[in-house]
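Colleague: Please take a close look at one helix and what surrounds it. Keep it brisk.

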Amino acid sequence: MTTTLAPPARIGNAAVGALGLLAVATGALESVVTPTLPLLQRELGMSPAEGALLSITLLITGALITPVAGKFGDRYGGKRVLVRLMAVVSAGGLVSALAPNLPVLLLGQILQGAMVGALPLSFILVREHLPAGESKVAIGVVSGLFVGGGMAGTLSAGPVAEQLSRHWMFALPTIAVIGSTLLVNRLMPQDRPGPSDGARVDWPGLALLSGTLVTLMLVLALAPDLGAQPLVLGALLVVLAAFATGWVAVERRAASPMVDLRMLRRPAVWKACVLTFVICVGTSVPVYLVPQLFAVSADDYGFGASATAIGFFLLPGAVAASLAGPISGIGARRFGSRAVVTTGTVLMVAALFALAAVHSEVWHLVIGKALIAFANGLCVTAMVTSTATSVDQGDTGIATSLVLVTRVIGFAVGVQFSGAILTAGTPSGSDVPAESAFVTGFVIAGAVAALSLLVVRTLSKGVKE
């Protein structure tokens with residue numbers, strides 16, 4: 001005898017609004033580190049490489065948590081998992097707010113990384129409780145509010161840190177996360193019972209991928225100081241190779257792998273992953289270097305910008321990134337994914353080499369950073385769209401998760417590489433890197449991004465609609 005489940009309860013504007021408020025709060029909490037990174041480095045005595053590690057910790061954790069959160073959401077219900085994730089995020093925000101030193105702040109960022117899984121869970125809830133047409137509108141609203149929250153965090157983090165303290169720039173958005181989570185818990189209907197045989201979580205694969213990413217970041221962060229200790233560096237490389245080899249072996253044999261590497265046999269998927277990695281490396285270098293260059297004293301070669309000013313200088317880049325997504329989608333439908341990726345890559349390469357050659361005025365950096373953010377949005381959106389439409393519908397999640405993991409690894413490698421360049425380029429006894437270190441970073445990023453054009457040529461044009 002079968003039991004017929006009742007249809008899911010329909011939600012109203014108040015529940016969608018609560019999800020939107022949560023998106024604003026998490027977007028703000030996620031974005032506070034970037035504009036205030038030079039301030040945090042000064043107050044906590046961090047090296048550039050340690051600052052780079054801090055700036056990517058949340059993203060790495062999020063990439064690991066997101067697939068697990070999705071599977072748990074399918075098994076136990078979107079609301080239940082979302083509320084518990086937000087409890088972890090709130091704890092992380094409070095730890096970051098109270099952190100007296102870098103290790104504790106890193107712990108807070110690790111916990112905050114759970115927020116990356118919140119947006120997909122919000123989409124699950126919207127799709128479950130609203131008709132198709134209304135759910136698309138609601139998803140667009142929630143996505144837009146998350147971007148808006150990120151802009152608000154970028155603008156407010158500097159003034160809050162300078163007028164109050166760095167502790168409050170974490171505390172205020174954390175309070176907003178707690179309040180909006182309580183609203184979601186109150187206004188969203190209870191989850192329906194899920195399937196009793198929910199998808200298994202690939203815990204060995206998750207653990208090995210975590211070890212691979214953490215070891216890779218340690219190698220990049222410590223490389224400038226390990227040049228005189230080749231045995232230590234060699235040992236770390238051996239550990240990295242062991243983790244990576246073990247992860248590949250486990251994922252190839254797992255019944256329900258976290259990242260199905262067999263998808264890489266498909267040309268459309270592996271080309272998308274290669275392009276995403278290279279493009280994100282090129283993008284992440286200026287993401288880290290430009291705020292650092294703004295903060296260098298005007299007595300040297302920089303601008304002596306405060307955290308507040310850096311936030312304003314970075315805002316055009318955030319706006320450009322938010323506009324790039326829909327423009328990329330329109331361009332891909334009209335001209336094909338290859339044309340969009342080619343355009344974005346050429347724009348990024350030109351902007352990176354321009355920054356290397358000309359960075360003596362604030363507007364040079366503002367425009368260069370905005371162009372790179374726009375180009376990255378064009379490329380990544382086109383690659384995700386191309387990947388999702390090049391595989392069977394049942395493989396969409398698997399294929400796009402590969403692109404997600406590749407994006408995180410590329411971004412992390414680029415940021416850590418940038419931190420290592422600045423650390424190596426800082427003269428002994430000085431806190432200011434040589435200007436040539438910034439130039440080197442921009443040039444290498446431009447050269448790496450240019451290499452992606454070799455892969456872009458082999459892409460199919462994509463389906464035009």
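Modeller: Here is a walk along helix α12, then to the aromatic pairs and the core. The model is predicted.

Helix α12 covers residues 307-335, 29 residues in total. From first C-alpha to last, α12 reaches 41 Å. That is close to the 42 Å expected at 1.5 Å a residue. Still, α12 has a kink of about 30° at Leu 314. The proline Pro 316 follows shortly after that kink. Leu 314 is itself buried. Other buried residues of α12 include Gly 311, Gly 317, Ala 320, Ala 324, Ser 328 and Gly 331. After α12 comes Gly 336, with a positive phi near 100°.

Now the aromatic residues. The structure holds three aromatic pairs. Phe 294 and Phe 303 make a tilted one, 6.0 Å centre to centre with 55° between the planes. Phe 294 is buried, at a relative accessible area of 1%. Phe 313 joins Phe 294 and Phe 303 in one aromatic cluster.

Tyr 301 and Phe 438 pair edge-to-face, with 6.0 Å between centres and 70° between planes. Tyr 301 sits in the loop between α11 and α12, and Phe 438 in helix α16, so this pair ties together parts 137 residues apart in sequence. Both Tyr 301 and Phe 438 are buried.

Last, the core. The largest nonpolar core has 113 residues. Helix α11, residues 267-295, gives the largest share of this core, 12 residues. Leu 82, Met 86 and Phe 442 have the most contacts inside the core. Leaving aside residues up to four places away in sequence, Met 86 touches Leu 22, Thr 26, Met 115, Ala 118, Val 177 and Thr 181.

Technical notes:
Residues numbered from 1 in each chain as written. Predicted model: local features only at pLDDT ≥ 70, side-chain atom pairs only at ≥ 80, totals over all residues. Heavy atoms only, no water. Helix = DSSP H or I, 4+ residues; strand = E, 2+ residues; numbered from the N terminus. Expected span 1.5 Å × (residues − 1). Bend = angle between axes of the 7 residues up to and from the residue. Buried < 20%, exposed > 50% of the residue type's maximum accessible area, 1.4 Å probe, protein only. Core = buried A, V, L, I, M, F, W, Y, C linked by side-chain atoms within 4.5 Å. Contact = heavy atoms within 4.5 Å. Phe/Tyr/Trp six-rings, centres within 6.5 Å; stacked < 30°, edge-to-face > 60°.
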